[in-house]
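Open the model in your viewer and keep the selection panel at hand. The stops below are given in the order in which to select them.

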Amino acid sequence: MALLGQLQPVGVLVAAFLFSALSIGAEALQVRMQIPAAVAQVIQALVVLLVLAGDALARHRGNE
């Protein structure tokens with residue numbers, strides 16, 4: 001969570017809220033629509049990777 005919130009208290013709260021909502025939503029989808037809960041984990045992983053890629057890209061552009 002600290003990675004996504006970039007070590008800012010408000011950012012960490014927003015990231016925690018996002019991931020908890022995603023987890024709760026995944027459980028509801030699993031019960032109602034028979035969608036595997038692993039889909040939420042894949043989405044979480046993609047969010048983390050995209051944040052890391054965006055941060056790396058911003059740092060790379062700052063060094064040029």
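Start with Gln 44, in helix H2. The model is predicted, and in it Gln 44 has a relative accessibility of 19%. The cut-off for buried is under 20%, so Gln 44 counts as buried. Show what lies around the residue: leaving out residues up to four places away in sequence, Gln 44 touches Phe 19, Leu 22 and Ser 23.

**Across to H1**

Take Leu 22 next. Leu 22 lies in helix H1 and is partly exposed, at 23% relative accessibility. Draw a C-alpha to C-alpha distance from Leu 22 to Gln 44: the two are 8.1 Å apart in space and 22 residues apart in sequence. With residues up to four places away in sequence set aside, Leu 22 touches Ala 40 and Ile 43 as well as Gln 44.

Now select Phe 19, which is also found in H1. Is Phe 19 buried or exposed? Its relative accessible area is 9%, so Phe 19 is buried. A second C-alpha to C-alpha distance can be drawn from here, to Gln 41: these residues are 22 apart in sequence and 9.5 Å apart in space.

Add Ala 15 and Ala 26 to the selection; together with Phe 19 they are buried residues in H1. What covers the buried residues of H1? Part of that cover is H2.

**Along H1 to its end**

Select residues 9-33, the extent of H1. Put a distance between the end C-alpha atoms of H1, and the value is 35 Å. At 1.5 Å a residue, the 25 residues of H1 should span 36 Å, so the model agrees with the expected span.

Move along H1 to Gln 30, which is in this helix. Gln 30 has a relative accessible area of 39% and is therefore partly exposed. Its contacts, leaving aside neighbours within four places in sequence, are with Ile 35 and Ala 37.

**The loop**

Go on to Gln 34, in the loop between H1 (9-33) and H2 (38-63). Which sign does the phi of Gln 34 have? The phi of Gln 34 is positive, near 60 degrees, and the residue is not a glycine. Most residues other than glycine have a negative phi. The positive phi comes just after H1. Colour by accessibility here: Gln 34 is exposed, with a relative accessible area of 65%.

**Along H2**

Select Asp 55 and Arg 59 and show their side chains. These two form a salt bridge, with the closest N and O atoms 3.1 Å apart. The count for the model comes to one salt bridge. Where do the two partners sit relative to each other in H2? Asp 55 and Arg 59 are four residues apart in this helix, so about one helical turn separates them. Their accessibility can be read off in turn: Asp 55 is partly exposed at 30% relative accessibility, whereas Arg 59 is exposed at 57%.

Next, select Leu 49, placed in H2. Leu 49 is exposed, with a relative accessible area of 54%. Extend the selection to Leu 3, Val 42, Leu 46, Leu 50 and Leu 52 and turn on the surface: with Leu 49, these residues make a nonpolar surface patch of about 580 Å².

**The whole chain**

Clear the selection and return to the full cartoon. How many helices and strands does the protein have? There are two helices and zero strands. The radius of gyration is 15 Å, well over the 11 Å that the globule rule gives for 64 residues, so the protein is more spread out than a compact globule. Along the principal axes, the C-alpha atoms fill a box of roughly 50 × 25 × 10 Å.

Finish with the surface of the whole protein. About 5,100 Å² is exposed, and carbon and sulfur atoms supply 69% of that area. Of the 64 residues, 11% are buried. Among the buried residues is Gln 44, where the tour began.

Methods:
Residues numbered from 1 in each chain as written. Predicted model: local features only at pLDDT ≥ 70, side-chain atom pairs only at ≥ 80, totals over all residues. Heavy atoms only, no water. Buried < 20%, exposed > 50% of the residue type's maximum accessible area, 1.4 Å probe, protein only. Patch = residues over 30% accessible without salt bridge, like charges linked within 9 Å, V, L, I, M, F, W, Y side chains within 5 Å. Areas by Shrake-Rupley, 256 points an atom, 1.4 Å probe, with all protein chains shown as cover. Salt bridge = Lys/Arg side-chain N within 4 Å of Asp/Glu carboxyl O. Contact = heavy atoms within 4.5 Å. Expected span 1.5 Å × (residues − 1). Rg over C-alpha atoms; globule rule 2.2 N^0.38 Å.
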